[in-house]
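The following report describes a single protein structure in terms of its charged contacts, its aromatic pairs and its nonpolar core.

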Amino acid sequence: MKRFFTIILLLLPTVLSHTQDEPPFVAPVKTSDGMQPMAYHVGFLSENDGGMAVGYQDYNHPAIPTDFKGEIFLSDSVVTPDGRIFPLRWIARGAFQDCEGITEVHLPPTLECISDLSFENCKSLRQITIPGNFQVFYPRAFIGCTGLRRITFSSQKPPKSYNNDTFDEQTYQIATVVFPAQTAEDYLNDPLCYRFRYHAETIPLWEDESGEVR
């Protein structure tokens, strides 16, 4: 009986993360074609740890119409209809699925997670820059992105990749992966990054007064 209650307590944060999700809403997002409506929802990683996600909880349709063409500029925070502000922390499963006309999605520095199939079949997507605070790719996040030619990582250590099948095999053969020069060895030994045939390193240009390399 004691073991049973221990299991329930361990599962409680997971239950909270699902039960506290709020209904999705639509808010404008900046694009290369002006402001466009996009779906978001508020989710909770734990009881008191909320964040904004691009897309719906049910994953049945994309966050933006599939016939959209051009670039999308995601903000680092989103305001809910009742005036609350949440940081944009993850992209929901299938959020841009089958949006074949998207050429680039500019990810905010607050982003931590890209869920599975988030960019499936975004065939016109040419490049993507992963921000410095990013933590994890879920399976097949960029599967079917046959036009992808450049993936740039900004974080000092490689993010986690479940199943290491984030990209198509074709992408590993023709795209260039770019990572910080200071941690090149970590990236080259990472299960996700060493699969790329072409590698490049970002070279720091200067060091500011705080000692941070730019």
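Arg 195 counts as partly exposed in this predicted model, with a relative accessibility of 30%. Its side chain meets that of Glu 169 in a salt bridge, with 2.8 Å from N to O. Glu 169 belongs to helix H2 (residues 169–174), whereas Arg 195 lies in the loop between H3 and strand E14 (198–202); the two are 26 residues apart, and the pair links distant parts of the chain. Glu 169 is likewise partly exposed, at 45% relative accessible area. Arg 195 has a further partner: its charged end sits over the ring of Tyr 172, 4.1 Å from the ring centre. Another charge over a ring is that of Lys 30, which lies over the face of Phe 73 at 5.2 Å from the ring centre.

**Salt bridges**

The structure holds five salt bridges. Side chains of opposite charge can pair when their charged atoms come close. Three of the bridges are listed here.

| Residue pair | Closest N to O distance |
|---|---|
| Arg 84 and Glu 22 | 2.7 Å |
| Arg 84 and Asp 82 | 3.1 Å |
| Glu 169 and Arg 195 | 2.8 Å |

Glu 22, Asp 82 and Arg 84 are joined into one network by salt bridges that share partners. Within this network, Arg 84 and Glu 22 form a salt bridge that connects distant parts of the chain, 62 residues apart: Arg 84 is in the loop between strand E5 (77–79) and strand E6 (85–91), and Glu 22 in the loop between helix H1 (2–19) and strand E1 (25–31). Arg 84 has a relative accessible area of 32% and is therefore partly exposed; Glu 22, at 22%, is also partly exposed. Asp 82, by contrast, is exposed, with 54%.

**Aromatic pairs**

The count of aromatic pairs comes to 14. Tyr 138 and Tyr 162 form a stacked pair, 5.0 Å centre to centre and with 25° between the planes. Tyr 138 is in the loop between strand E10 (136–137) and strand E11 (150–153), and Tyr 162 is in the loop between strand E12 (160–161) and H2, so the pair ties together parts 24 residues apart in sequence. Both are partly exposed, Tyr 138 at 31% relative accessibility and Tyr 162 at 35%.

The pair of Phe 167 and Tyr 172 is edge-to-face, because the planes stand at 90° with the ring centres 5.9 Å apart. Phe 167 and Tyr 172 are both buried. Ring pairs also place these two residues in a cluster whose members include Phe 96, Phe 119, Phe 142 and Tyr 187.

**Nonpolar core and overall composition**

In soluble globular proteins, nonpolar side chains tend to be buried together. Here the largest nonpolar core has 50 residues, and Phe 96, Ile 114 and Phe 142 have the most contacts inside it. Strand E2 (residues 34–46) supplies the largest share of this core, four residues. Beyond its neighbours up to four places away in sequence, Phe 96 touches residues including Met 38, Val 54, Ile 64, Phe 119 and Cys 122.

The secondary structure comprises three helices and 14 strands. Of the 214 residues, 43% are buried. Among contacts with a separation of 6 or more, 50% are between residues 24 or more positions apart. The protein exposes about 11400 Å², of which carbon and sulfur atoms supply 53%.

Conventions:
Residues are numbered from 1 along each chain as its sequence is written. This is a predicted model: local features need pLDDT of at least 70, side-chain atom pairs count only at pLDDT 80 or more; totals for chains, interfaces and linings use all residues. Side-chain values use heavy atoms; hydrogens and water are left out. Buried means under 20% relative accessible area, exposed over 50%, partly exposed in between (1.4 Å probe, protein chains only). Contact means heavy atoms within 4.5 Å. Accessible areas come from the Shrake-Rupley method with a 1.4 Å probe; for residues, only the protein chains shown count as cover. A nonpolar core is a set of buried Ala, Val, Leu, Ile, Met, Phe, Trp, Tyr and Cys residues joined through side-chain atoms within 4.5 Å. A salt bridge is a side-chain nitrogen of Lys or Arg within 4 Å of a carboxyl oxygen of Asp or Glu. Rings of Phe, Tyr and Trp (its six-membered ring) pair if their centres lie within 6.5 Å; planes under 30 degrees apart count as stacked, over 60 as edge-to-face and the rest as tilted. A charge sits over a ring if NZ of Lys or CZ of Arg is within 6 Å of the ring centre and within 35 degrees of the ring normal.
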